[in-house]
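Reader: I'd like to go through this one with you and ask how each label was earned. Can you show it to me?

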Amino acid sequence: MTDRQPQAAAPRRRWWNLLFIVLMLGLTVIFLWLGNWQLQRLDEKQALIATVAARMDSAPLRLPPVAEWDFVGWERYDYQPVTLTGSFRHDSTVLVFTSLSAPNGRHSGPGYWVMAPFELDAGGFVFLNRGFVPQSSRAAFVDGGAAPTGRLTLTGIARLSEEAGSFTPDTDSTRRMDWVRDVERLALQSDADLTPLAPVFVDLPAGDEGALPQGGETVLTFTDNHLGYAITWFGFALITPLLLLVWLLAQRRARKVP
């Protein structure tokens, strides 16, 4: 019985050893993939930073004619200063929930973006982000609040429409509230026909100190830690096979012990 037990345990031990080797090699591959992914993210982030810097230094553009909207490469307008002439449709204002943690103005914390459609003189509609209002001021801006009226010429920063994710809550139509600045979703809450609708929204600049809505909150600076993350993952990819090698040598020595 005593001799049979070690013999029976030996195959199980070999399987566990093999599983451990596969696990360590698998982790090495995963760490290498994560390191390369962070390098790709580094390239993307640096390209974004360079693009934003170049566009923010450029003169404001006007949006292309409505007839060209279906053929425009709208990525060209992301973070681009633009000038618009037209009038607000404040009756179709939608509040988009957010939490402003690093404000440029006085107000921060939980609140809403005040998103109002703007009818262009040249035709078509664009949602304008008038700025941030705290939760306590929500009621004053459900229908636009004390908003500018008449024909206006405004300059702001264009942003590509955000996309709702699989975990984004449904639109709260009873409160005319949403959770993402997806212009198509926002347009569905309007009783008016907002077509054609540009696939961008425009962040308006800051107004007077402390005034609501609080504009000028476009994020224009970005953290860039991807190189550090890449080095960390590549470090793990180096350490893991070394640990495996040490373990294999220890197993080899253990088998030589009588």
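Author: Here are some questions and answers about strands, rings and charges in this model, which is predicted.

Reader: Let's start with β4. Why is this strand called largely enclosed by the rest of the structure?

Author: Count its buried residues. Strand β4 covers residues 109-120, and ten of its twelve residues are buried, so the rest of the structure largely encloses it.

Reader: How do you know that β4 pairs with β3?

Author: Two strands pair if there are at least two bridges between them. Strand β3 (residues 94-100) and β4 have seven bridges, in the antiparallel sense. S99, for instance, has P110 in β4 as its bridge partner.

Reader: And what makes β2 and β5 partners of β4?

Author: That cut-off of at least two bridges again. Strand β2 (residues 81-88) is joined to β4 by three bridges and the two run antiparallel, with F88 standing opposite F118 in β4. Strand β5 (residues 125-134) and β4 share eight bridges, also antiparallel, and here Y112 stands opposite V133 in β5.

Reader: What sits between the strands in the hairpin of β4 and β5?

Author: Four residues, and in that hairpin G123 takes a positive phi near 105 degrees.

Reader: Y112 came up just now. What makes R138 a charge over the face of Y112?

Author: For the distance part, CZ of Arg has to be within 6 Å of the ring centre. R138 lies at 5.8 Å from the ring centre of Y112, over its face.

Reader: On to the rings. How many aromatic pairs are there?

Author: The structure holds twelve aromatic pairs. One of them is F31 with W233, at 5.7 Å centre to centre and with 20 degrees between the planes.

Reader: Why is the pair of F31 and W233 called stacked?

Author: Ring centres must lie within 6.5 Å to pair, and planes under 30 degrees apart count as stacked. With 5.7 Å and 20 degrees, F31 and W233 get that label.

Reader: What makes this pair a tie between separate parts of the sequence?

Author: F31 is in helix α1 (residues 4-56) and W233 is in helix α3 (residues 226-256), so the pair ties together parts 202 residues apart in sequence.

Reader: Are F31 and W233 buried or exposed?

Author: Buried means under 20% relative accessible area, exposed over 50%, and partly exposed is in between. F31 has 14%, so F31 counts as buried. W233 has 25%, so W233 is partly exposed.

Reader: F31 pairs with F236 too; why is that pair called tilted?

Author: Planes over 60 degrees apart would be edge-to-face and those under 30 stacked, with the rest tilted. F31 and F236 have 50 degrees between the planes, at 5.4 Å centre to centre, and count as tilted. This pair links distant parts as well: F31 in helix α1 and F236 in helix α3 are 205 residues apart. Put together, F31, W233 and F236 form one aromatic cluster.

Reader: What makes F236 eligible for a nonpolar surface patch?

Author: Patch residues need over 30% relative accessible area and no salt bridge. F236 is partly exposed at 37%, and F236 joins L238, I239, L242 and L243 in a patch with about 490 Å² of accessible area together.

Reader: Now the charges. How do you know that E209 and R106 form a salt bridge?

Author: The nitrogen has to be within 4 Å of a carboxyl oxygen. For E209 and R106 the N to O distance is 3.8 Å, and that makes a salt bridge. E209 lies in the loop between β8 (197-203) and α3, and R106 in the loop between β3 and β4, so this pair ties together parts 103 residues apart in sequence. Both E209 and R106 are exposed.

Reader: How many salt bridges does the count give?

Author: Nine salt bridges. There is also a network of them that links E162, R181 and D203.

Reader: Why are D178 and R185 called buried?

Author: The limit is under 20%. D178 has 0% relative accessibility, so D178 is buried, and R185 at 17% counts as buried too. Their side chains meet in a salt bridge at 2.5 Å, N to O.

Conventions:
Residues are numbered from 1 along each chain as its sequence is written. This is a predicted model: local features need pLDDT of at least 70, side-chain atom pairs count only at pLDDT 80 or more; totals for chains, interfaces and linings use all residues. Side-chain values use heavy atoms; hydrogens and water are left out. Buried means under 20% relative accessible area, exposed over 50%, partly exposed in between (1.4 Å probe, protein chains only). Rings of Phe, Tyr and Trp (its six-membered ring) pair if their centres lie within 6.5 Å; planes under 30 degrees apart count as stacked, over 60 as edge-to-face and the rest as tilted. A charge sits over a ring if NZ of Lys or CZ of Arg is within 6 Å of the ring centre and within 35 degrees of the ring normal. Patches are made of residues with over 30% relative accessible area and no salt bridge: like charges are joined within 9 Å, nonpolar side chains (Val, Leu, Ile, Met, Phe, Trp, Tyr) within 5 Å. Accessible areas come from the Shrake-Rupley method with a 1.4 Å probe; for residues, only the protein chains shown count as cover.
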